[in-house]
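Here is a short report on one protein model. It moves from single residues to the whole fold and back to the backbone.

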Amino acid sequence: MTGRQYFYRTTDAGNSWTVSVTDEPNSGLSDGIVFPDGNGYAVSSGVLWGTNDAGRNWFKINNTGGRTWNEEITVSGRSILVPSSGTDCDGQTRGVGALRFSRDAGRSWTEFQTRANMFGAFLVNDSTGWGVGDERSVFQTTNYGRTWVRRNCGIRGNIDDVWFVNDTLGWAVGDGIYRT
């Protein structure tokens, strides 16, 4: 893993870019989101980043847990959900997968060990979220990550991502495409 994180920003549909660089050892940057009000979050291996100026500058908010690969971030209100997997940028170290949930904008975290590499996550609202990953892993929480229920009936293979339109209509994709 790299020791530097490069945050690229464009304001002209990709014709030109500016970069903000941070230096956090052993933490590969993977995903970010910036909201219309200029606030945003990004995740790297075990680290949550923040911006309050539409991505011009980024700062470390907190560690999310161990330095395992965090491929995605999903945010609803002050809740944040991050799936984690292996110890390299491919997330292929077996037996270390988890779902990390914060309900206070990343200041503190709970971690649910799935033992399967987790790659996708989606928050339907502040308390309800989904996490998906290898080995037919599909988990749902309805109480801010305090408990998780396995919901993989009919799933075959590995799942890479999940997206919901509302609390009852969603898709999961990976070795197949699944709809609730």
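## A glycine in a loop

Gly38 is buried, with a relative accessible area of 7%. Buried means under 20% relative accessible area, exposed over 50%, and partly exposed in between, with a 1.4 Å probe and protein chains only. The model is predicted: local features need pLDDT of at least 70, side-chain atom pairs count only at pLDDT 80 or more, and totals for chains, interfaces and linings use all residues. Residues are numbered from 1 along each chain as its sequence is written, and side-chain values use heavy atoms, with hydrogens and water left out.

Gly38 sits in the loop between E3 and E4. Strands (E, at least two residues) and helices (H or I, at least four) are DSSP runs, numbered from the N terminus. What does Gly38 touch, not counting residues up to four places away in sequence? The partners are Thr51, Asn52, Asp53, Ala54 and Gly55. Contact here means heavy atoms within 4.5 Å. Trp49 is eleven residues from Gly38 in sequence, and their C-alpha atoms are 14 Å apart in space.

Asp37 shares this setting: its place is in the loop between strand E3 (29–34) and E4. Is Asp37 buried or exposed? Asp37 is exposed, with a relative accessible area of 58%. A polar atom of the Asp37 side chain lies 2.9 Å from the backbone nitrogen of Asn39. That is a polar contact: a pair of N or O atoms within 3.5 Å; within protein, one must be able to donate a hydrogen and the other to accept it, and residues adjacent in sequence count only if both atoms are side-chain atoms. Asp37 and Ala54 are 17 residues apart in sequence, with 7.6 Å from C-alpha to C-alpha. Ala54 is also one of the residues that Gly38 touches.

## The whole protein

The protein has 18 strands and zero helices. Its radius of gyration is 16 Å, close to the 16 Å that the globule rule gives for 180 residues, so the protein is as compact as a globular protein of that length. The radius is taken over C-alpha atoms, and the rule is 2.2 Å times the number of residues to the power 0.38. Along the principal axes, the C-alpha trace spans about 45 × 35 × 35 Å.

Of the 180 residues, 48% count as buried. The accessible surface comes to about 8900 Å², and carbon and sulfur atoms hold 48% of that surface. Areas come from the Shrake-Rupley method with a 1.4 Å probe; for residues, only the protein chains shown count as cover. Among contacts between residues at least 6 apart in sequence, 36% join residues at least 24 apart.

The protein carries 17 positive and 19 negative charges, and their mean positions are 6 Å apart.

## Three strand residues

The table lists three residues placed in strands.

| Residue | Strand | Relative accessible area |
|---|---|---|
| Tyr8 | E1 (residues 4–9) | 56%, exposed |
| Ser44 | E4 (residues 40–44) | 0%, buried |
| Thr74 | E8 (residues 74–76) | 9%, buried |

Which side chain does Ser44 join in a polar contact of 2.6 Å? The partner is the side chain of Ser27. Leaving aside neighbours within four places in sequence, Ser44 is in contact with Gln5, Ser27, Gly28, Leu29, Ser30, Trp49 and Asn70.

Thr74 uses its side chain to reach the backbone nitrogen of Leu123, at 3.0 Å. With neighbours within four places in sequence left out, its contacts are Ser79, Ile80, Leu81, Ala121, Phe122 and Leu123.

Tyr8, under the same exclusion, is in contact with Trp17, Thr18 and Val19. Asp23 is 15 residues away from Tyr8 in sequence and 15 Å away in space, C-alpha to C-alpha.

## Two positive phi angles

Most residues other than glycine have a negative phi. Arg115 has a positive phi, near 70 degrees. Its place is in the loop between strand E11 (110–113) and strand E12 (118–123).

Tyr144 is not a glycine, yet its phi is positive, about 60 degrees. This tyrosine lies in the loop between strand E14 (137–141) and strand E15 (149–150). How accessible is Tyr144, and what does it count as? At 26% relative accessibility, Tyr144 counts as partly exposed.

Conventions: Lys, Arg positive; Asp, Glu negative; His and termini not counted. Charge placed at Lys NZ, Arg CZ, Asp CG, Glu CD.
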